[in-house]
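This report looks at how certain helices pack against one another and at the polar surroundings of a bound ligand. Please consult the sequence and the structure shown here while reading.

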Amino acid sequence: MTDEINIAMGFGTMIRYLTSGESHGKGYTLIIEGFPSGFTIDLNYIQQLLSKRQKGVGRSKRSLWEDNSFDILSGILEGKTTGAPLAFFIPNNFKSQKKPYLEKNLHPRPGHADHAGSIKYAHENIIPVIERASGRDTVARTLCGTLCLSFLNTFGVESLSHVINIGGICASRDANFDYIRERLQKSLLHCANTQAEQEMKGPIEKATREGTSVGGIGEVRFRGIPIGLGSYVHWDRNLDGSIAKAICSIPGIKGVQFGAGFDYANLPGHIAHDAFIQDNGFHRRSNHAGGIEGGMSNGEEIVASFVIKPPSSLLKPLSSINLSSHSLDKAFVTRSDVCFVQAVCIVAQAVTGIEILNAFLEKWGGDSHTEIKKHYEASYKHSL
Ligand code: EPS
(Lines give C-alpha, C1' and ligand atoms only; values in the text may rest on other atoms or scores of the structure.)
Protein backbone atom coordinates (compact mmCIF):
# COMPACT_ATOMS: atom_id res chain seq x y z
CA MET A 1 0.00 0.00 0.00
CA THR A 2 1.45 3.39 -0.90
CA ASP A 3 1.76 6.21 1.59
CA GLU A 4 -0.71 8.21 -0.51
CA ILE A 5 -3.40 5.58 -0.01
CA ASN A 6 -2.59 5.32 3.71
CA ILE A 7 -3.00 9.05 4.09
CA ALA A 8 -6.34 9.02 2.33
CA MET A 9 -7.58 6.32 4.74
CA GLY A 10 -6.75 8.27 7.90
CA PHE A 11 -5.57 6.63 11.11
CA GLY A 12 -6.76 8.08 14.36
CA THR A 13 -5.24 5.94 17.16
CA MET A 14 -5.68 8.15 20.19
CA ILE A 15 -3.97 8.19 23.53
CA ARG A 16 -6.21 7.59 26.55
CA TYR A 17 -5.05 7.73 30.12
CA LEU A 18 -6.37 7.06 33.55
CA THR A 19 -4.98 8.05 36.93
CA SER A 20 -5.81 6.66 40.34
CA GLY A 21 -4.50 7.53 43.74
CA GLU A 22 -4.99 9.65 46.85
CA SER A 23 -2.95 12.55 48.16
CA HIS A 24 -1.97 10.68 51.34
CA GLY A 25 -2.43 7.13 50.10
CA LYS A 26 0.34 4.86 48.85
CA GLY A 27 0.77 6.77 45.60
CA TYR A 28 -0.57 7.29 42.10
CA THR A 29 -1.04 4.82 39.27
CA LEU A 30 -1.05 6.03 35.69
CA ILE A 31 -2.16 3.85 32.77
CA ILE A 32 -1.71 5.11 29.21
CA GLU A 33 -3.31 3.30 26.29
CA GLY A 34 -2.47 3.89 22.62
CA PHE A 35 1.08 5.16 22.98
CA PRO A 36 2.99 4.14 19.81
CA SER A 37 5.73 1.51 20.01
CA GLY A 38 9.43 2.00 19.40
CA PHE A 39 9.74 5.31 21.21
CA THR A 40 12.76 5.76 23.47
CA ILE A 41 11.74 7.12 26.85
CA ASP A 42 13.84 10.08 28.03
CA LEU A 43 13.89 9.60 31.79
CA ASN A 44 15.91 12.77 32.37
CA TYR A 45 13.36 14.95 30.61
CA ILE A 46 10.51 13.35 32.57
CA GLN A 47 12.29 13.92 35.89
CA GLN A 48 13.11 17.50 34.92
CA LEU A 49 9.48 18.44 34.30
CA LEU A 50 8.21 16.51 37.32
CA SER A 51 10.58 18.31 39.62
CA LYS A 52 9.73 21.71 38.09
CA ARG A 53 6.05 20.95 38.78
CA GLN A 54 6.83 20.23 42.38
CA LYS A 55 8.78 23.42 43.04
CA GLY A 56 7.84 27.06 43.33
CA VAL A 57 7.71 29.78 45.93
CA GLY A 58 4.67 29.27 48.15
CA ARG A 59 4.41 25.45 47.90
CA SER A 60 3.73 23.46 51.07
CA LYS A 61 6.60 21.83 52.98
CA ARG A 62 5.60 18.53 51.47
CA SER A 63 7.30 19.52 48.22
CA LEU A 64 10.62 19.44 50.09
CA TRP A 65 10.52 15.75 50.87
CA GLU A 66 8.70 14.18 47.91
CA ASP A 67 11.10 13.18 45.15
CA ASN A 68 8.72 12.20 42.29
CA SER A 69 10.53 8.98 41.57
CA PHE A 70 8.36 6.39 39.81
CA ASP A 71 8.28 2.73 38.85
CA ILE A 72 7.61 1.60 35.29
CA LEU A 73 5.24 -1.35 35.63
CA SER A 74 4.57 -2.24 32.00
CA GLY A 75 4.74 -1.25 28.33
CA ILE A 76 8.47 -0.47 28.17
CA LEU A 77 11.28 -2.90 27.29
CA GLU A 78 14.92 -1.89 27.14
CA GLY A 79 13.94 1.78 27.35
CA LYS A 80 11.46 1.65 24.44
CA THR A 81 7.69 1.60 24.36
CA THR A 82 6.24 -1.72 23.14
CA GLY A 83 2.78 -0.51 22.06
CA ALA A 84 1.17 -2.27 25.03
CA PRO A 85 -0.53 -0.15 27.73
CA LEU A 86 2.03 1.76 29.77
CA ALA A 87 1.65 1.65 33.54
CA PHE A 88 3.54 3.71 36.12
CA PHE A 89 3.45 3.94 39.91
CA ILE A 90 4.47 7.19 41.61
CA PRO A 91 4.70 6.62 45.37
CA ASN A 92 3.78 9.29 47.92
CA ASN A 93 6.85 9.54 50.02
CA PHE A 94 5.86 10.21 53.61
CA LYS A 95 8.85 8.59 55.32
CA SER A 96 8.64 9.62 58.96
CA GLN A 97 6.29 12.53 58.34
CA LYS A 98 3.00 12.33 60.15
CA LYS A 99 0.06 11.87 57.81
CA PRO A 100 -2.69 14.48 58.20
CA TYR A 101 -6.41 13.90 57.65
CA LEU A 102 -6.78 10.78 59.77
CA GLU A 103 -9.61 12.21 61.82
CA LYS A 104 -13.16 12.78 60.71
CA ASN A 105 -13.48 16.09 58.91
CA LEU A 106 -16.83 17.83 58.63
CA HIS A 107 -15.82 21.35 57.62
CA PRO A 108 -15.65 21.88 53.83
CA ARG A 109 -13.43 24.63 52.43
CA PRO A 110 -15.29 27.16 50.25
CA GLY A 111 -13.73 27.04 46.79
CA HIS A 112 -12.79 23.35 47.04
CA ALA A 113 -14.53 20.13 45.90
CA ASP A 114 -15.17 19.23 49.58
CA HIS A 115 -18.83 20.20 49.91
CA ALA A 116 -20.33 19.23 46.54
CA GLY A 117 -18.13 16.08 46.44
CA SER A 118 -19.27 14.79 49.82
CA ILE A 119 -22.93 15.37 48.95
CA LYS A 120 -22.52 13.76 45.51
CA TYR A 121 -20.91 10.57 46.82
CA ALA A 122 -22.88 10.50 50.11
CA HIS A 123 -19.76 10.66 52.27
CA GLU A 124 -20.36 11.46 55.91
CA ASN A 125 -17.18 13.43 56.07
CA ILE A 126 -15.04 15.14 53.47
CA ILE A 127 -11.81 13.12 53.73
CA PRO A 128 -12.44 10.91 50.67
CA VAL A 129 -13.02 14.08 48.64
CA ILE A 130 -9.96 15.90 49.98
CA GLU A 131 -7.82 12.91 49.20
CA ARG A 132 -8.86 12.54 45.57
CA ALA A 133 -9.53 16.18 44.64
CA SER A 134 -5.89 16.99 45.30
CA GLY A 135 -3.27 18.76 43.24
CA ARG A 136 -1.09 15.74 43.86
CA ASP A 137 -2.98 13.89 41.11
CA THR A 138 -1.40 16.23 38.60
CA VAL A 139 1.94 14.46 39.05
CA ALA A 140 0.46 11.54 37.07
CA ARG A 141 -0.99 13.77 34.32
CA THR A 142 2.34 15.54 34.05
CA LEU A 143 4.13 12.23 33.61
CA CYS A 144 1.75 11.28 30.79
CA GLY A 145 2.08 14.70 29.15
CA THR A 146 5.85 14.63 29.40
CA LEU A 147 5.94 11.47 27.29
CA CYS A 148 3.72 13.17 24.70
CA LEU A 149 5.87 16.31 24.68
CA SER A 150 9.03 14.33 24.04
CA PHE A 151 7.28 12.32 21.29
CA LEU A 152 6.17 15.57 19.62
CA ASN A 153 9.69 16.88 19.95
CA THR A 154 10.91 14.24 17.50
CA PHE A 155 8.66 15.98 14.92
CA GLY A 156 10.16 19.40 15.66
CA VAL A 157 7.43 20.54 18.08
CA GLU A 158 8.84 22.51 21.03
CA SER A 159 6.97 23.77 24.07
CA LEU A 160 7.30 25.88 27.17
CA SER A 161 5.17 27.31 29.93
CA HIS A 162 5.73 30.38 32.06
CA VAL A 163 4.19 32.49 34.79
CA ILE A 164 2.81 35.86 33.66
CA ASN A 165 0.97 37.08 36.76
CA ILE A 166 1.04 36.32 40.46
CA GLY A 167 -1.24 38.25 42.77
CA GLY A 168 -1.66 41.05 40.21
CA ILE A 169 2.08 41.49 39.46
CA CYS A 170 2.39 41.05 35.68
CA ALA A 171 5.25 40.00 33.41
CA SER A 172 5.13 41.04 29.77
CA ARG A 173 3.52 38.57 27.37
CA ASP A 174 5.41 39.92 24.34
CA ALA A 175 8.74 38.14 24.83
CA ASN A 176 9.68 35.61 22.17
CA PHE A 177 9.95 31.85 22.64
CA ASP A 178 13.76 31.59 22.72
CA TYR A 179 14.12 34.50 25.13
CA ILE A 180 11.56 33.03 27.53
CA ARG A 181 13.11 29.58 27.35
CA GLU A 182 16.55 30.90 28.13
CA ARG A 183 15.40 33.09 31.04
CA LEU A 184 13.42 30.26 32.59
CA GLN A 185 16.62 28.31 33.19
CA LYS A 186 17.63 30.79 35.86
CA SER A 187 14.19 31.52 37.22
CA LEU A 188 12.98 30.58 40.69
CA LEU A 189 9.32 31.28 39.99
CA HIS A 190 9.16 30.03 36.39
CA CYS A 191 8.86 33.61 35.16
CA ALA A 192 10.98 35.02 32.32
CA ASN A 193 10.88 38.62 33.52
CA THR A 194 13.48 39.09 36.28
CA GLN A 195 12.01 42.25 37.74
CA ALA A 196 8.42 40.99 37.76
CA GLU A 197 9.65 37.75 39.31
CA GLN A 198 11.28 39.61 42.19
CA GLU A 199 8.07 41.58 42.74
CA MET A 200 5.89 38.45 42.55
CA LYS A 201 7.45 37.16 45.76
CA GLY A 202 5.77 40.11 47.54
CA PRO A 203 2.14 38.92 47.24
CA ILE A 204 3.16 35.36 48.14
CA GLU A 205 5.01 36.45 51.27
CA LYS A 206 2.16 38.78 52.23
CA ALA A 207 -0.43 36.02 51.75
CA THR A 208 1.70 33.67 53.88
CA ARG A 209 1.90 36.24 56.69
CA GLU A 210 -1.82 36.92 56.50
CA GLY A 211 -2.95 33.28 56.44
CA THR A 212 -4.49 33.63 52.99
CA SER A 213 -3.43 32.51 49.48
CA VAL A 214 -2.72 33.95 46.05
CA GLY A 215 -3.46 33.01 42.42
CA GLY A 216 -2.22 34.17 39.04
CA ILE A 217 -1.99 33.60 35.31
CA GLY A 218 0.18 31.19 33.33
CA GLU A 219 0.78 30.63 29.64
CA VAL A 220 1.81 27.70 27.44
CA ARG A 221 3.40 28.04 24.03
CA PHE A 222 3.97 25.41 21.35
CA ARG A 223 5.94 26.05 18.19
CA GLY A 224 6.75 23.95 15.15
CA ILE A 225 3.12 22.83 14.90
CA PRO A 226 2.12 21.77 11.40
CA ILE A 227 -0.91 23.44 9.81
CA GLY A 228 -4.24 21.61 10.07
CA LEU A 229 -4.24 19.78 13.41
CA GLY A 230 -7.76 19.70 14.86
CA SER A 231 -10.99 20.12 12.93
CA TYR A 232 -13.48 22.68 11.69
CA VAL A 233 -15.76 19.82 10.65
CA HIS A 234 -16.34 18.04 13.99
CA TRP A 235 -17.03 19.99 17.16
CA ASP A 236 -15.34 17.39 19.37
CA ARG A 237 -12.06 17.46 17.43
CA ASN A 238 -11.76 21.21 17.48
CA LEU A 239 -8.21 21.88 18.74
CA ASP A 240 -8.89 24.89 20.97
CA GLY A 241 -11.90 23.04 22.44
CA SER A 242 -9.85 20.02 23.43
CA ILE A 243 -6.94 22.06 24.79
CA ALA A 244 -9.32 24.26 26.80
CA LYS A 245 -11.01 21.21 28.28
CA ALA A 246 -7.70 19.63 29.26
CA ILE A 247 -6.44 22.83 30.89
CA CYS A 248 -9.74 23.51 32.66
CA SER A 249 -9.64 20.02 34.17
CA ILE A 250 -6.55 20.96 36.21
CA PRO A 251 -7.61 21.76 39.79
CA GLY A 252 -7.58 25.51 40.38
CA ILE A 253 -8.09 26.70 36.79
CA LYS A 254 -11.01 29.08 36.27
CA GLY A 255 -10.52 30.25 32.67
CA VAL A 256 -8.53 29.72 29.47
CA GLN A 257 -7.94 32.01 26.51
CA PHE A 258 -6.08 31.65 23.21
CA GLY A 259 -3.88 34.43 21.90
CA ALA A 260 -5.56 37.80 22.42
CA GLY A 261 -8.49 35.96 24.10
CA PHE A 262 -10.77 38.34 25.97
CA ASP A 263 -8.94 41.31 24.47
CA TYR A 264 -10.67 40.55 21.15
CA ALA A 265 -13.60 42.43 22.67
CA ASN A 266 -11.53 45.62 22.46
CA LEU A 267 -10.08 45.20 18.95
CA PRO A 268 -11.69 46.13 15.62
CA GLY A 269 -11.63 43.35 13.00
CA HIS A 270 -8.91 44.90 10.83
CA ILE A 271 -6.49 44.86 13.79
CA ALA A 272 -7.82 41.73 15.52
CA HIS A 273 -7.14 39.36 12.63
CA ASP A 274 -3.66 38.25 11.72
CA ALA A 275 -3.05 39.46 8.15
CA PHE A 276 -0.70 37.44 5.92
CA ILE A 277 2.67 38.90 5.05
CA GLN A 278 5.24 37.61 2.58
CA ASP A 279 8.80 37.34 3.83
CA ASN A 280 10.69 34.15 2.96
CA GLY A 281 7.35 32.39 2.59
CA PHE A 282 4.00 33.39 4.05
CA HIS A 283 3.65 34.46 7.68
CA ARG A 284 1.26 36.44 9.85
CA ARG A 285 1.83 40.01 10.95
CA SER A 286 0.53 39.17 14.46
CA ASN A 287 -0.64 36.11 16.37
CA HIS A 288 -3.83 37.27 18.07
CA ALA A 289 -5.45 33.94 17.18
CA GLY A 290 -2.92 32.09 19.35
CA GLY A 291 -2.07 29.75 16.48
CA ILE A 292 -5.57 28.34 16.07
CA GLU A 293 -8.18 29.38 13.48
CA GLY A 294 -11.43 27.51 12.87
CA GLY A 295 -10.47 24.88 15.45
CA MET A 296 -7.24 24.00 13.57
CA SER A 297 -3.61 24.89 13.99
CA ASN A 298 -2.58 27.59 11.49
CA GLY A 299 1.18 27.07 11.73
CA GLU A 300 1.85 29.96 14.11
CA GLU A 301 2.78 29.38 17.76
CA ILE A 302 -0.05 27.95 19.82
CA VAL A 303 -0.46 30.31 22.77
CA ALA A 304 -2.93 29.56 25.56
CA SER A 305 -3.14 31.39 28.86
CA PHE A 306 -5.17 30.47 31.92
CA VAL A 307 -6.14 31.94 35.26
CA ILE A 308 -5.43 30.03 38.46
CA LYS A 309 -7.44 30.74 41.57
CA PRO A 310 -5.85 31.23 44.99
CA PRO A 311 -5.71 27.83 46.79
CA SER A 312 -8.79 27.26 48.92
CA SER A 313 -7.00 25.90 52.01
CA LEU A 314 -6.55 28.97 54.19
CA LEU A 315 -4.78 29.28 57.53
CA LYS A 316 -7.39 31.90 58.43
CA PRO A 317 -10.45 29.85 57.47
CA LEU A 318 -13.61 31.20 55.86
CA SER A 319 -17.06 30.62 57.24
CA SER A 320 -18.37 27.16 56.30
CA ILE A 321 -20.88 24.59 57.49
CA ASN A 322 -20.65 21.64 59.86
CA LEU A 323 -21.90 18.67 57.87
CA SER A 324 -23.05 16.85 61.04
CA SER A 325 -24.78 19.58 63.04
CA HIS A 326 -25.85 21.54 59.93
CA SER A 327 -24.80 24.79 61.54
CA LEU A 328 -22.42 27.53 60.40
CA ASP A 329 -18.84 26.81 61.40
CA LYS A 330 -15.28 27.56 60.25
CA ALA A 331 -13.72 25.65 57.32
CA PHE A 332 -10.99 23.23 58.33
CA VAL A 333 -7.37 24.33 58.41
CA THR A 334 -4.51 22.29 56.99
CA ARG A 335 -0.93 22.60 55.85
CA SER A 336 -1.26 23.93 52.31
CA ASP A 337 0.28 25.63 49.32
CA VAL A 338 -0.08 29.43 49.49
CA CYS A 339 0.49 29.66 45.71
CA PHE A 340 0.76 26.95 43.04
CA VAL A 341 0.83 29.02 39.85
CA GLN A 342 4.22 27.67 38.75
CA ALA A 343 3.15 24.05 39.27
CA VAL A 344 -0.04 24.57 37.27
CA CYS A 345 1.98 26.02 34.37
CA ILE A 346 3.94 22.78 34.05
CA VAL A 347 0.79 20.67 34.30
CA ALA A 348 -0.90 22.82 31.63
CA GLN A 349 2.09 22.39 29.31
CA ALA A 350 1.91 18.63 29.83
CA VAL A 351 -1.84 18.23 29.25
CA THR A 352 -1.72 20.53 26.21
CA GLY A 353 0.97 18.20 24.87
CA ILE A 354 -1.44 15.25 25.24
CA GLU A 355 -4.14 17.05 23.22
CA ILE A 356 -1.74 18.19 20.51
CA LEU A 357 -0.27 14.71 20.20
CA ASN A 358 -3.79 13.29 19.88
CA ALA A 359 -4.61 15.72 17.07
CA PHE A 360 -1.28 14.80 15.48
CA LEU A 361 -2.04 11.07 15.74
CA GLU A 362 -5.48 11.60 14.32
CA LYS A 363 -3.82 12.96 11.19
CA TRP A 364 -0.64 10.91 11.00
CA GLY A 365 -1.17 8.07 13.50
CA GLY A 366 0.14 4.54 13.31
CA ASP A 367 1.21 1.80 15.66
CA SER A 368 4.92 2.58 15.80
CA HIS A 369 7.05 5.70 15.93
CA THR A 370 8.63 4.71 12.60
CA GLU A 371 5.27 4.26 10.91
CA ILE A 372 4.08 7.67 12.14
CA LYS A 373 7.31 9.29 10.88
CA LYS A 374 6.66 7.74 7.46
CA HIS A 375 3.09 9.04 7.34
CA TYR A 376 4.16 12.48 8.48
CA GLU A 377 6.98 12.80 5.97
CA ALA A 378 4.85 11.56 3.05
CA SER A 379 2.04 13.94 3.86
CA TYR A 380 4.34 16.86 4.51
CA LYS A 381 5.67 16.49 0.95
CA HIS A 382 2.06 16.50 -0.24
CA SER A 383 1.17 19.77 1.41
CA LEU A 384 4.04 21.76 -0.10
C1 EPS B 1 -2.72 19.58 48.29
C2 EPS B 1 -2.15 20.01 49.46
C3 EPS B 1 -0.71 19.93 49.68
C4 EPS B 1 0.00 20.03 48.33
C5 EPS B 1 -0.53 18.92 47.45
C6 EPS B 1 -1.95 19.17 47.12
O7 EPS B 1 -0.37 18.68 50.21
P8 EPS B 1 -0.28 18.46 51.80
O9 EPS B 1 -1.63 18.74 52.33
O10 EPS B 1 0.14 17.03 51.98
O11 EPS B 1 0.77 19.42 52.28
O12 EPS B 1 1.39 19.99 48.49
O13 EPS B 1 0.17 18.88 46.23
C14 EPS B 1 1.12 17.94 46.06
C15 EPS B 1 1.53 17.14 46.99
C16 EPS B 1 1.65 17.91 44.72
O17 EPS B 1 2.47 17.02 44.44
O18 EPS B 1 1.24 18.75 43.91
C19 EPS B 1 -4.16 19.56 48.16
O20 EPS B 1 -4.86 19.55 49.16
O21 EPS B 1 -4.66 19.60 47.02
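The crossing of α6 and α11 is left-handed, and in this predicted model the axes of the two helices come within 7 Å while crossing at roughly 50 degrees. An angle of roughly 50 degrees therefore makes α6 oblique to α11. On the α6 side, the residues that meet α11 are T138, R141, T142, C144, G145, T146, C148, L149, F151 and L152, and their partners in α11 are I346, V347, Q349, A350, V351, G353, I354, I356, L357 and F360. Sorted by class, the residues of this contact comprise 13 nonpolar, 6 polar and 1 charged.

Helix α6, which spans residues 138–153, also packs with helix α2, residues 43–54, and here the axes come within 9 Å and cross at roughly 140 degrees. That angle makes α2 oblique to α6, and the crossing in which α2 passes α6 is right-handed. From α2, the residues Y45, I46, L49, L50 and R53 take part, meeting T138, V139, T142, L143, T146, L147, L149 and S150 of α6. The contact of α2 with α6 has 8 nonpolar, 4 polar and 1 charged residues.

Helix α11, residues 341–364, has a further crossing with helix α9, residues 239–248, where the axes come within 9 Å at an angle of roughly 145 degrees. In this crossing α9 passes α11 in a right-handed sense. The contact joins L239, S242, I243, A246 and I247 of α9 to A348, V351, T352, E355, I356 and A359 of α11, and its residues divide into 8 nonpolar, 2 polar and 1 charged.

Turning to the ligand, which residues come nearest among the 12 around it? They are H24, R53, R59, R62 and R335, and R53 is also one of the α2 residues that meet α6. Polar side-chain atoms approach oxygen atoms of the ligand at the distances tabulated below.

| Residue | Side-chain atom | Ligand atom | Distance |
|---|---|---|---|
| R59 | N or O | oxygen | 3.0 Å |
| S60 | polar atom | oxygen | 3.0 Å |
| R136 | N or O | oxygen | 3.2 Å |

Thus R59, which is listed among the residues that come nearest to the ligand, has an N or O side-chain atom 3.0 Å from a ligand oxygen, while for the side chain of R136 the corresponding distance is 3.2 Å.

Key
Residues are numbered from 1 along each chain as its sequence is written. This is a predicted model: local features need pLDDT of at least 70, side-chain atom pairs count only at pLDDT 80 or more; totals for chains, interfaces and linings use all residues. Side-chain values use heavy atoms; hydrogens and water are left out. Axes are lines fitted to C-alpha atoms, for helices over the stretch in contact, and angles run from 0 to 180 degrees between N-to-C directions. Helices (H or I, at least four residues) and strands (E, at least two) are DSSP runs, numbered from the N terminus. Angles under 35 degrees count as roughly parallel, over 145 as roughly antiparallel, 65 to 115 as roughly perpendicular and the rest as oblique. A crossing is left-handed if the near helix is turned anticlockwise from the far one by less than a right angle, and right-handed if clockwise. Contact means heavy atoms within 4.5 Å. Ala, Val, Leu, Ile, Met, Phe, Trp, Tyr, Cys and Pro count as nonpolar, Asp, Glu, Lys and Arg as charged, and the others, Gly among them, as polar. A residue is near a molecule or strand if one of its heavy atoms lies within 4 Å of it. A polar contact is a pair of N or O atoms within 3.5 Å; within protein, one must be able to donate a hydrogen and the other to accept it, and residues adjacent in sequence count only if both atoms are side-chain atoms.
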